[in-house]
Amino acid sequence: MSKHVNRTLTCPACLLQWSADVRADAPRSGWDSDFGPRFADGVALAQGVHTCPGCRYSAPPEGFLGDDAHPASADGPRWTERWQPLKPVRVLPPDPEEVPVLRRWLRRGEALGGLELDGGEPYGGERWLIAARCHEFLHDSDPLGVADLCLRGAWCARAEDRRPLERRCLEAAIEHLDTAVAMDLVDEDEQVRIAYLVAELCRRVGDYPRAVDLFDEVLTGADPDDDEGAFYLAMAGRQQSLAMVQSDVDTTLDPAVGPPGE
Ligand SMILES: [Zn+2]
């Protein structure tokens, strides 16, 4: 079972305070082939992101005001992922001079554009996507951070078995990863990893021709003598076979290979 703590969050945009269950720890039962963590009880991802009930500003706990919002200061152990496909984005509350323009943007409803909220309240997958939009609005020069939040939305929607939302989040993650590559923001030592990730996301949304090409990039670019390179060679070979037969089946990381560093 995941552990959570009840915390008071303060919205940096409208200063509303409310109490939320914030994730403190969650045992993982495995990894999907796009590095989505599988958790025993399915709510762990949803508890990692929060939406202000007043203005809909959304972020992980660190994006809200007050020391209380920071899991590091919680009594329980800090929830961490030991390995992630992207450097995890650190979402901080907006600077005071950014707040008026953020507030106006939220009031226009653009953060919720195109989302159909069941009963008016966003579930976890939507909260991650709204958080990605808030981060993009505040930091449009950080497409990798936006992609990270979109990817978490996809993993969360998958855990909630909400496939159309998962697909929407995956497509948004691909778009922002493409932007990051075009802006030359991907370090050389991350290029194989990002190519694998985009390839696998393309396979999962049914863009098989592009997935096959990107898996080829991994197969020619990864270093077989390096642990991480060998890992991507094995995974890219397996996933490319699926893309070639146009299979978008849910797959896990090969337990015989395991994620690097685990
Ligand atoms: Zn608010």
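# Exercises on a predicted model

Of the 262 residues of the chain, 44% count as buried. The model is a predicted one, and the exercises below walk through its fold, a hairpin, a few loop residues and a pair of helix packings.

## Exercise 1: The overall layout

Work out how many helices and strands the chain has, and in what pattern they follow one another.

*Solution.* Start by counting: the chain holds 7 helices and 6 strands. Next, read along the sequence, where the pattern is β-β-β-β-β-β-α-α-α-α-α-α-α. Finally, turn to the contacts with a separation of 6 or more: 64% of them are between residues 24 or more positions apart.

## Exercise 2: The hairpin

Describe how strands S1 and S2 are joined, and find out which residues stand opposite Val 5 and Asn 6 in S2.

*Solution.* First take the ranges: S1 covers residues 3-10 and S2 covers residues 17-25. The two strands run antiparallel and are joined by 8 bridges. Now look for the partners. Val 5 has Val 22 as its bridge partner in S2, and Asn 6 stands opposite Asp 21 in S2. To close the hairpin, follow the 6 residues between S1 and S2.

One residue of that turn deserves a second look. Leu 15 has a positive phi of about 65°. For context, most residues other than glycine have a negative phi. Is Leu 15 buried or exposed? Leu 15 has 12 other C-beta atoms within 10 Å, and 12 or fewer makes a residue exposed, so Leu 15 is exposed. As a last step, check the distance to Cys 55, which is 40 residues away along the chain: the C-alpha atoms of Leu 15 and Cys 55 are separated by 9.6 Å.

## Exercise 3: Three loop residues

Place Asp 32, Phe 35 and Arg 56 in their loops and decide how well each is covered.

*Solution.* Begin with Asp 32, in the loop between strand S3 (28-31) and strand S4 (37-39). Asp 32 has 18 other C-beta atoms within 10 Å and is therefore partly exposed. Then ask what Asp 32 is in contact with, leaving aside its neighbours within four places in sequence. The answer is Arg 38, Asp 250 and Thr 252. Trp 155 is 123 residues from Asp 32 along the chain, and the C-alpha atoms of Asp 32 and Trp 155 are separated by 8.9 Å.

Move on to Phe 35, also found in the loop between S3 and S4. Its phi is near 70°, a positive value in a residue other than glycine. Phe 35 counts as partly exposed because it has 19 C-beta neighbours inside 10 Å, and a buried residue needs 20 or more.

End with Arg 56, which sits in the loop between strand S5 (50-51) and strand S6 (58-59). Arg 56 is not a glycine, and has a positive phi of about 75°. With 22 other C-beta atoms within 10 Å, Arg 56 is buried.

## Exercise 4: Helix H2 and its partners

Characterise helix H2, then decide how H2 is oriented against H4 and against H3.

*Solution.* Take H2 by itself to begin with. It spans residues 124-138, and its 15 residues reach 21 Å from the first C-alpha to the last, close to the 21 Å expected at 1.5 Å a residue. H2 is mostly covered, with 14 of its 15 residues buried.

Next, bring in helix H4 (residues 163-182): H2 and H4 pack at an angle of about 25°, with their axes 10 Å apart. Angles under 35 degrees count as roughly parallel, so H2 and H4 are roughly parallel to each other. The crossing of H2 past H4 is left-handed. Gly 125, Glu 126, Leu 129 and Ala 132 of H2 make this contact with Leu 165, Glu 166, Cys 169 and Ala 172 of H4.

Now repeat the steps for helix H3 (residues 143-159). The axes of H2 and H3 come within 7 Å and cross at roughly 170°. Angles over 145 degrees count as roughly antiparallel, so H2 and H3 are roughly antiparallel to each other. Among the residues making this contact are Trp 128 and His 135 of H2, and Leu 149 and Arg 152 of H3.

How values were computed:
Residues numbered from 1 in each chain as written. Predicted model: local features only at pLDDT ≥ 70, side-chain atom pairs only at ≥ 80, totals over all residues. Helix = DSSP H or I, 4+ residues; strand = E, 2+ residues; numbered from the N terminus. Contact = placed C-beta atoms within 7 Å. Pairing = 2+ DSSP bridges. Expected span 1.5 Å × (residues − 1). Axes fitted to C-alpha atoms, helices over the stretch in contact; angles between N-to-C directions. Parallel < 35°, antiparallel > 145°, perpendicular 65-115°, else oblique. Left-handed = near helix turned anticlockwise from the far one by under 90°.
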